[in-house]
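I opened this notebook to record, step by step, what I looked up in the structure. The entries follow the order in which I went through the topics.

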Amino acid sequence: MPNIKSSIRSVKTDAERRAKNAAVKSQIRTATRKTVEAVQAGAVEDAKKALVQATSVIDKAASKGVLHKNTAARKKSNLAAKVNAL
């Protein structure tokens, strides 16, 4: 544990930020998994709905700074390619 007051505050805010980022990343993984599962099941309509949901979650994460914009674009592109392959 740091002794300097500003460092103590930094440790606290870093933990809060890490917890928020972890929650958002979990939402991204869940939305992505649902899309991929719908694609593997061959459910076209479900896959399209899941893709819209996943895209929204990924865009929100990028706007909050949890993901870099290029990472978000890559994730969305990969998901869209899988859905379009149906």
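I began by fixing a term: a residue is buried when its relative accessible area is under 20%, and exposed when that area is over 50%. I also noted that the model is a predicted one.

Entry on the helix α1. With that cut-off in hand, I listed the buried residues of α1, which are V24, I28, A31, T35, V36, A38 and V39. I then looked up what covers these buried residues, and found that the cover includes α2 and α3. For the helix itself I noted 37 residues and a reach of 54 Å from the first C-alpha to the last, which is close to the 54 Å expected at 1.5 Å a residue. After α1 comes G42, and its phi is positive, near 80°.

Entry on the core. I looked up the largest nonpolar core and found that it has 17 residues, with I28, I58, A61, L67 and L79 having the most contacts inside it. At least two residues of this core come from each of α1 (5–41), α2 (44–64) and α3 (69–84). I followed L67 further: leaving aside residues up to four places away in sequence, L67 touches I28, I58, A61, A62, A72 and K75.

Entry on the surface. Which residues make the nonpolar surface patch of about 310 Å²? I found that M1, I8 and V11 make this patch. I placed M1 in the segment before α1, and I recorded M1 as exposed because its relative accessible area is 79%, where exposed means over 50%.

Notes: Residues numbered from 1 in each chain as written. Predicted model: local features only at pLDDT ≥ 70, side-chain atom pairs only at ≥ 80, totals over all residues. Heavy atoms only, no water. Core = buried A, V, L, I, M, F, W, Y, C linked by side-chain atoms within 4.5 Å. Buried < 20%, exposed > 50% of the residue type's maximum accessible area, 1.4 Å probe, protein only. Helix = DSSP H or I, 4+ residues; strand = E, 2+ residues; numbered from the N terminus. Contact = heavy atoms within 4.5 Å. Patch = residues over 30% accessible without salt bridge, like charges linked within 9 Å, V, L, I, M, F, W, Y side chains within 5 Å. Areas by Shrake-Rupley, 256 points an atom, 1.4 Å probe, with all protein chains shown as cover. Salt bridge = Lys/Arg side-chain N within 4 Å of Asp/Glu carboxyl O. Expected span 1.5 Å × (residues − 1).
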